[in-house]
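Me: I should like to go through the reasoning behind the structural terms used for this model. Please set each value against its criterion.

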Amino acid sequence: MTKGAVSRDGREIAANSYMKDVIQRFSKHKLAMISLVVLVAEVLLVILLPMILKLDPYTTDYDTFFGAGPSAAHWLGTDDIGRDSFARFLYGGRVSLQVGIISAVISLVAGVPLGLVAGYYRGIIEMVIMRLADIFMSFPSMVLILVLVSVLRPSVSTVTVVIGILGWPRFARTIYGNVLSARESEYVEAARAIGTKDGAIMTRYILPNTFAPVLIAFTFRAAQAIITESSLSFLGMGVQAPEASWGNILYQAQSISVLATRPWLWMPPGVALLITILCINFLGDGIRDALDTKMVI
Amino acid sequence: MKHSFSKAAAVVLASMFALSACAPPSAGDSQPTTQAAAPETKAETGTSAQEDQGTAAEETNAGGSVTITMAMTAPWDTFIPFNTTNGNTDAVLELMYDKLIVVKANGEHEPRLADEWEQDDETGKILTFRLNENAKWHDGEPVTAEDVVFTAKLMANEAITHPRRSKVAFFTGTDSSGVLAPDEEFGVVALDEHTVQFTLKDPSPISYMLSQTFRDFYVLPAHLLEDIPAEEIMTSEFWQHPVGSGPCIYESDISGERIEFTANKDYYLGAPQFDRFVVRIVPASNLLSGLMSGEIDITAGAGLGNIPMNDWDMAQTQENLTTESVKSLGYQYLSINVKNIPKEVRQAVNMAINRDAIVNNLMRGEGEAAAGPLRSNHPYFNQELLPIPYDIEKAAQMVKDSGFDTSKTYVLRVSQGNEVREKTAPLIQQDLAKIGINTEIITTDHPTHLAECRLGNYDFALIGSGGSPDPAESVVNVRPGHVNNFSQNEDPSLYEKGMVEGFQVFTYEERLPIYQEYQMMLRDQVPFSWLYFQNDLVAYNKRISNVHFEDYSLLNRMVWQWEIAR
């Protein structure tokens, strides 16, 4: 901890907290700051704009030519069955972001305890958990996800849960490494010496020190989950009609004519996906740089 | 020094790759061609190992072989001809195997394995077919009447279960489901080596029998299958490499992706003009790009391989393609599970579907709204079915009055592969919602879809049919007990009208009133809500001609007649 400054009347101003340091360092990373702003704006837009503009992604507009181009009534035209493309684009954003974030949370909740336990107890538990992680990671995940989703019936929740559950190894392994070093440190030894229970040691001493890599892994995992959901929906196996997601909007836009002559159908979701993933990655970079200058990933 | 050495090594390696592609012309693998011509190679850029041998030769050999690639959007499910009712499978079966006759869209029948056929005048129960004496199996053995008898008997064999059993139920010597009756003589006999006689239990118009029963009755080689016990026949190795008598000889396949055939140059109806035929499964959105690049030569049509609406404009501008909008007899309907949805609600549903939006908006006019299973210009069409009722308020009221449970979410099933049909699902979902019926859409692959619908695991399902010149085509689908009784109908009145009463008489004038009434009964009972006839938007490479897409929904592509320009 840095020594605090002294105020004019002699009181010691509280030393800069760790969080403040982190935030300061983060704000110096321009790309990450921009990404944060963009992402927050994105989330706000997809949540608020449809409510403000009263957009409806499900109802066919029988008065407009199906597949029409952009117009005053439909800013991005209509899709093949007359639904407002702009509405579908925004609602699709909700689904894509939701799947991305929630499945990353699921991966985190599944993977962190497993990694913690594996690293702390070592021995057989470690072997079982880490080998399981190896097995999961060596499977072509897309294939596994496709099979699971087709067996369980594709929907937003199935996709979220499946992607989430299959993402645990990354978190487990990240934490595992950190736990291995943390458990040897003096404060852990001291805690053990005074009789602190294992559970308490893990949650109160070790876990907070692994906060950094977990947060970073979370951002990257969210990005990957968004891509996976889009790919699944693009293959027709993800979010089902009549729900929209960026992936399944792209699925509807595959034909050569749409690609060549109706870019308003596929460009927005495509570009949005690109920007979202880039921003999440930059954000992750920024957080990593801010949190731990010694850490090498 | 080291740097320039590794640079040089890289250049050498790269050039080795490039030079290896310039193989000297070899005569080794060329197909024996009876036509001398400039090389017209449509060989796939070898993804499969089997192709590698032929590719180099085809690309460089002056007397190159002609490969035609047909694309469809959903896969076949078996090579056992009676073990399916899937149109995608029939498209493949009719290449390898023969049926006795072929059905044309104008209602006429032309010879295939059979040269001539007749129905006896007195009883109307005996159909006799004279087989083409030049017909041979792919292994050289002659096709005889015994093969036909064997096939029919196999389909009636109790030991195997399959969806086309009802075909043989028409013949004497079987029980009502089509299983051989042990103490009776089977109604299919070989009168001599090239004459087969079918004896029907009840008189039936020969036009129906030909258009429906014999339309997909594929003949199997007795000499290769008769020694296999019936219990083991469905899993026999024969099906891994089927031997038929058709214009295409099976060579290899990659399940769900492609099948490769070589042409049967000894085909008794005339050797096909191609040397190789490939059936490929291609997603609808890739059909046009495949056609433009030459990877695909022809679409399968008949709803199995149609150009998507989105691509139609671009397709028509392509210099290398011929495009056609074919008014086919095939139709699409909404099957309603009568066990879950009462009659008043079914009638309401029929009245609530916005067919106009589907035909004029979604399909841009490339189709026609369906009042029933027959198109409005069909000779048996009942004009009283028009106009098709469309009244949302009345329909909503009918649903309310019936006491139907509108708090539940019902299941609307659709399959992948037919792009227009897939897109109608959300439209119909909205139509149903307007009258108080909330549905959830479940999309699956086509074989799963059909299986679930047969079991009745749905409330509403989108299904199609190839249609027919014969007005009784739809009756089996509403016949209690039939495998394709998707609506789970238990009321026999439709069957009795359409296939009992309607089969007692044989002339158009006598059949007309019966089938007119049948159509009104369908409108009243609504096991299906007929939606639309879709024009098949098809495209094919300009070098192919003499293709008759209007026949394709009748399982008749006559590939040996296709003319292929050099």
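Me: What makes B:Gly303, B:Gly330, B:Tyr331, B:Gln332, B:Asn418 and B:Arg421 contacts of B:Gly464?

Reply: In this predicted model, B:Gly464 touches these six residues, with residues up to four places away in sequence left out. They are called contacts because the C-beta atoms, placed from the backbone, lie within 7 Å. B:Gly464 itself belongs to strand S17 (residues 460–465) of chain B.

Me: Why is B:Gly464 called buried?

Reply: A residue is buried if 20 or more other C-beta atoms lie within 10 Å of its own. B:Gly464 has 21 within that distance, and therefore counts as buried. In chain B, 49% of the 566 residues count as buried.

Me: How do you know that B:Gly464 and B:Thr323 are not in contact?

Reply: Their C-alpha atoms are separated by 23 Å, and the two residues are 141 apart along the chain. The criterion for contact is C-beta atoms within 7 Å, so a C-alpha separation of 23 Å leaves no room for a contact between B:Gly464 and B:Thr323.

Me: Why are strand S15 (residues 409–415) of chain B and S16(B) called paired?

Reply: Pairing requires at least two bridges between two strands. S15(B) and S16(B) have 7 bridges, in the parallel sense, and therefore pair. Within this pair, B:Arg413 stands opposite B:Ile442 in S16(B).

Me: What makes S16 of chain B an edge strand, and which sheet does S16 belong to?

Reply: The open sheet has 6 strands in the order S14-S18-S13-S17-S15-S16 (chain B), with mixed pairing. Strand S14 (367–369) and S16 of chain B are its edge strands, as each pairs on one side only. From one strand to the next, the twist averages 25 degrees. H13(B) packs on this sheet, touching strand S13 (331–336), S15, S16, S17 and strand S18 (528–534) of chain B, and its direction makes about 170 degrees with that of S16(B). Helix H14 (residues 446–455) of chain B also packs on the sheet, its direction making about 135 degrees with that of S15(B).

Me: Why do strand S4 (114–119) and strand S6 (188–192) of chain B stand at the edges?

Reply: The open sheet here consists of 4 strands in the order S4-S5-S7-S6 (chain B), with antiparallel pairing. S4(B) and S6(B) each have a single partner strand, so one side of each is left without a neighbour in the sheet. The twist averages 20 degrees from one strand to the next. S4(B) is joined to strand S5 (residues 126–131) of chain B by 5 bridges, and the criterion asks for at least two, so these strands pair. B:Ala114 has B:Leu131 as its bridge partner in S5(B).

Me: What makes B:Ala348 a member of the largest nonpolar core?

Reply: A nonpolar core is a set of buried residues of certain types, Ala among them, joined through C-beta atoms within 7 Å. B:Ala348 is therefore buried as well as joined to other members. Of the 155 residues in this core, B:Met72, B:Phe277 and B:Ala348 touch the most other members. The largest share, 6 residues, comes from helix H4 (residues 145–155) of chain B. B:Ala348 touches B:Ala395, B:Met398, B:Val399 and B:Ile435, not counting residues up to four places away in sequence.

Methods
Residues are numbered from 1 along each chain as its sequence is written. Chains are lettered from A and ligands numbered from 1 in the order in which they are written. This is a predicted model: local features need pLDDT of at least 70, side-chain atom pairs count only at pLDDT 80 or more; totals for chains, interfaces and linings use all residues. A residue is buried if 20 or more other C-beta atoms lie within 10 Å of its own, exposed if 12 or fewer, and partly exposed in between; C-beta atoms are placed from the backbone. Two residues are in contact if their C-beta atoms, placed from the backbone, lie within 7 Å. Axes are lines fitted to C-alpha atoms, for helices over the stretch in contact, and angles run from 0 to 180 degrees between N-to-C directions.
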